[in-house]
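Thank you all for coming; I would like to spend a few minutes on one structure and its ligand. Please have a look at the sequence and the structure before I go on.

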Amino acid sequence: MKTICVVGLGYIGLPTATILAAGGMKVTGVDVRPEIVDAINRGEIYIDEPGLDTLLRSAVSSGSLRASLAPAPADAFIIAVPTPITADHGADMSCVVGAAESILPCLRPGNLVILESTSPPGTCRDLLRPILERGGLAVGTDLFLAYCPERVLPGKILEELVRNDRVVGGITAESAVKARDLYARFVKGEIVLTSATTAEMIKIVENTFRDVNIALANEIALQCEQLGINFWEVARNANRHPRVNVHQAGPGVGGHCIAVDPWFLVESFPDASGMIRCARERNDSMPAHVIDTALTLLADVKKPRVAVLGLAYKADVDDTRESPALKVAAGLRDKGVEILCYDPHVRKAPVPLAPPKECLAGADLALLLTDHTEFRQLDPARVAEHMRHRRVYDTRNMLDHRAWATAGFEVTLLGAGRSASRRERRS
Ligand code: SAJ
């Protein structure tokens, strides 16, 4: 196998195409967005991912990676396009269908097609196979088809693409073996072979497991607030039990994976996914809880101003997709609160952005929504100089609350409330 065509040059497709090109394959990367194709062909990346820029530049300048608007014939095709959810929480498979149809004219006997996009279980068998067979080639004999989910964590993509174990699910056993041979070129983790539908289920189960556990943590955090005790102390000490792993509470779950994938199971099995649906709804309810708490903290202020710190969905990334921080910021603005937002990684957002000093100037509340490393290093005495009221609401348990209290701040911690944070400070 010498030539690969990767359809979809997003957070997964671009690093995968780059790593394959760096390993000596001739790669055509395909995307429907002309500005992305042009940027890549100039050797520039448009996502903030450590190490990717250097690798991409050398792959493009050596001629092993070329971006294009249209697929080209190749030995193998990897489809890594988005599978978002619709407004009523159904799987929107239009990009997968579009990608599969776009490669049809390029398919030759012996080709391997791999789907990486997170998809409802049964997608390769019931959706992709019939499309690919429209070209007259039979899947299983003329064409090979496999599902190989990605498992990488944004911010660590290059490292995890190589190191993580991979699951490869074939429509036939031969399809799985062919896909394994391709991934074995750069994966150092173990590669496990199974059926396509099992691999599709494994991927969704991974993210659903995390979502349900985060929902449990959030629910316990709300209970702790009502009890006037500290969730973080409860979680830390419950986790001393060798078989317990209470996750982190927070302002909600964002990103394009965990906040989305569990809905695929709810849609596929409406009568057997009550717990998964509840967990999703609990996590989706957290931004409203943060908004309510912030409004309570500002109840005595006439024209309140909030400095929103962090818009990305998680620490040290620039990604705001499904970000609970955006929902909180927009929700506060809709309630008539004046907001200015600062995020060291985010350059564009549908809420007003400002540099840190301007964001804090005259603010009545500093609202920490994303646990970026930069925010952990904030000096509360310097922050206090800019603000009208010294109030901080930490929704991620990332600050040194003692230091902030010493600098004169009234500290509120998600999962502990105001009084509990005070008690924790004294202990
Ligand atoms: N979060 C919490 N509490 C926690 C952990 C996370 O509130 O205890 C929040 C984060 O702040 C963030 C969201 O959940 O808003 C998701 O962040 P994450 O770091 O857990 O996961 P993602 O979405 O960046 O990446 C996940 C990963 N899946 C798992 O950890 C099972 C990654 O390995 C997958 O490749 C990725 O989804 C994907 O593409 O599916």
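Where does the ligand lie with respect to domain 1 (3-189) and domain 2 (208-423)? Both domains give residues to the shell around the ligand, so the ligand lies between them; the bounds come from an automatic or database domain assignment. I should say that this is a predicted model, in which local features need pLDDT of at least 70 and side-chain atom pairs count only at pLDDT 80 or more, while totals for chains, interfaces and linings use all residues. Residues are numbered from 1 along each chain as its sequence is written, and side-chain values use heavy atoms, with hydrogens and water left out.

As for the two domains, their C-alpha centres lie 34 Å apart, and 15 residues of domain 1 are in contact with 16 residues of domain 2, where contact means heavy atoms within 4.5 Å.

Turning to the ligand, 20 residues surround it, each with a heavy atom within 4 Å, and the closest are Glu150, Lys203, Arg210, Tyr313 and Arg396.

Looking at individual atoms, a polar side-chain atom of Glu150 lies 2.5 Å from an oxygen atom of the ligand, whereas for Arg151 a backbone N or O atom lies 2.7 Å from a ligand oxygen. For Val152, a polar backbone atom is 2.7 Å from an oxygen atom of the ligand.

Terms used: Polar contact = N/O pair within 3.5 Å; in protein donor to acceptor, adjacent residues only side chain to side chain.
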